[in-house]
Amino acid sequence: MGTLRTALGGLVEVPRSKLSPRVAARGTLAVAFPLLVGAATGQVLPAVAATLGAYFTGFADLSGPYRRRLRLGFALAVCGAASVLLGALVEPIAVLAVVLVAIWGFVAGLLTALGPSGTRVGVTGLIVLIVVGEQPQSLGQALFSAAAVFLGAALQTLLAIAPWPVRGYAPERAAVADAYRQFADVDPSGGGPAYPAVLEAHAALRGLDPQRNRTVAALRILLDEVERARGEAVALAVLRTRLEDKGEQDAATEVGAVLDAAAAVGASIAERLGRRPDELHPQIPTALDDVLDRAVKTLRARADTEGAAPLTRRGAATRAAALAGQLRAARRILDSTDTANSAAYDDSNRVFLMPADEPLTVLRANLRPSSSAFRHALRLAFTLAAVATALLVLGLPRGYWLLLTVAVAIRPDFSATVKQVVDRVAGTLLGMLVVSALLQWVVSETWEKMLLVPIFYFLLRTVLAANFALGAAAMAGNAVLLADLLGASAGSLIPERLAYTVAAGVIALGAYLAWPTWERSTARDTLADSIESARGYLRTAADPDAADTDVDAARTVARVALSNARDSAKRLADEPGTPSGLIDLANGVTVHASRLVQGGMALEAARDLRPEGLVRPEARAFAADVDTALGAVAGALRTGRRPKALPALRKDVDQLMSVAPEARLATFATAADRITDGIGTLNHLLRQDAKAAGSRPG
């Protein structure tokens, strides 16, 4: 019931931040142009085919770095054209048509393993196959339709990348800017934001060669600096809490002033990344730097005064100085990049790499029954095959609408499937009522119907990300208009579409419930993976022989795994029948896994400040015991059993604290204390979980 209430509540929510009228206007041009040409020449059928190519490519949300838009748009164009051609070739042979729909459905389902882009390519190809590819056509007509779909998709892509020569690396700069804007948004408890901005920035820069382009090299260095700054901000937030606990309120306030000043400097760097250098007043960055420097000096002056926590105050002063240095370095990088010749905007030397083997590796890894993407692919393929067979046997008119709605309604998880069904049914009802009224009393001429298609598309792309139900309404209205342009009677289509949509919703839910992929069956493994990834990151960060590139790679893996675990916990809470204890465990593990990742960032700061301290026996002993403890925690998560006795981490921390002043291990000791506390809480959560399940010690 909770899932249904959430889905129904989403029908009326329209977050303004998710409205995208500018993207919609760009996409509408690509949809309208073929129709204008068709209206002028009288060639309605090829115009509609090209419009469909642009229409479905526009769903892919061609945003972000321009090279990503180009790759995705090209993939969609090829996929759409291939769908039309293959569908037309097998359409006369009913058995082959059913097999093709099943195979295409399996491929579309498996592509969800590649994330949103893969999902869009798969679903778009499936939609085009069902809508256009199954129409009776000769080989010549099919080739012509495939070419028209490709051209429509290509036009949509060209409009999406049109600003590339002018804006250059603006999307990449914006992604790094977001990382600077959010770097100081930390929670000392570890339960705050997951800092997804840095993952987005890494994704934006992936594939660009920094060795052959000055701007790319600068952006990568800036990203490295903000990640290090994030680690210092996390550590300072923890130290501020500790100072408050020890009654050092003045010192805690000064730490807070450093964080506030650093956040302002980060925001100014973000602002500068998002604009040309001459658009910012030159005195603003200097003034903010001065505020940060004064805050750091005030904190350093207190470091050696009398008080209850001298070690904590010294650690805070050291971290504050490091944070200010990293932000100064970021400012210098910007100054050297945004020179008078505007090198940051010179794209004459653009080089990008296309790691084509990475998607294939991901898909191969998901070709196993335990993969949720594989199970979704099989579920989708079998359901589409069954529906296509039933349509052939029953001979229902325009049954492709039922097949189409089933194809887009079945999602990899239960809550998304329910939401899709509710939004689709409600949106279709609204869209049909609106277009019915328009066709009955307002619109009658062909050119008027052609004019309505881009209008509906503009509404669709504007609200789609904000409210799928309203997007579905515009989509349903456009479906009737396009079918009417192809010769069907709109009057008979509307009740038919409604009936098919409701039936498709029932079929989609039934298919999911018949072979569900409940999150609770995979949640423990997902949570354990996040702990294992954090374990690998901590091991690498504490290794004095590890290269910086290895630490960076381990940090990224840990962040991705943590993001997956948080998504899993959210889906778990939305599923019906999930034990409350498992939901609490998932939420607790994700919070404390986040603390482990933040602890790893603090260890990175220790590497930078005092790398010689990592070879001390006390540091090595702690790192080895953490590795053992997290291995036990991950194993207990997978099995649901009580974890084995963990190493005496608190004793290790006490040893570190005792030698910290002379061994220069204060930063390491602070990070170790945080990590130990997180592991201890995880151990407690797992013991409570095992106790509730009545299991024995493992």
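So, α11, residues 214-245, and α23, residues 548-574, each put at least two residues into the lining of the second largest pocket. This is a predicted model, by the way. Of the helices, α23 gives the most to that lining, with five residues. The space in there comes to about 380 Å³. Ten residues line the pocket, and the ones closest to its centre are His202, Arg220, Asp552, Ala553 and Thr556. What about the chemistry of that lining: how many are nonpolar, polar and charged? You get three nonpolar, three polar and four charged.

Okay, on to the packing. The largest nonpolar core has 80 residues, and Leu126, Leu384 and Leu403 touch the most other members. Helix α20, residues 468-485, is the top contributor to this core, with eleven residues. There's also a second, separate core of 53 residues, including Ala534, Ala593, Ala606 and Leu649. If you click on Leu384 and ignore its neighbours within four places in sequence, you'll find contacts with Val101, Gly105, Leu126, Leu403, Val406 and Ala407.

Now, confidence. The average pLDDT for the chain is 77, and 83% of the residues score at least 70. Which elements sit at the two ends of the scale, lowest and highest? Helix α1, residues 2-9, has the lowest mean at 50, and helix α25, residues 617-639, has the highest at 90. Then there are residues 277-282, where pLDDT stays under 50 and the model has six contacts beyond four places in sequence. Residues 339-357 are also below 50, with 34 contacts in the model beyond near neighbours in sequence. Where pLDDT is low, don't read the predicted coordinates in detail.

Definitions and conventions: Residues numbered from 1 in each chain as written. Predicted model: local features only at pLDDT ≥ 70, side-chain atom pairs only at ≥ 80, totals over all residues. Heavy atoms only, no water. 1 Å grid on protein atoms, 1.4 Å probe; cavity = no way out; pocket = protein on both sides within 12 Å on 5 of 7 lines; lining within 4 Å. Points joined across faces, edges and corners; volume = space filled by probe spheres on them. Helix = DSSP H or I, 4+ residues; strand = E, 2+ residues; numbered from the N terminus. Nonpolar A, V, L, I, M, F, W, Y, C, P; charged D, E, K, R; others polar. Core = buried A, V, L, I, M, F, W, Y, C linked by side-chain atoms within 4.5 Å. Buried < 20%, exposed > 50% of the residue type's maximum accessible area, 1.4 Å probe, protein only. Contact = heavy atoms within 4.5 Å. pLDDT = per-residue confidence, 0-100.
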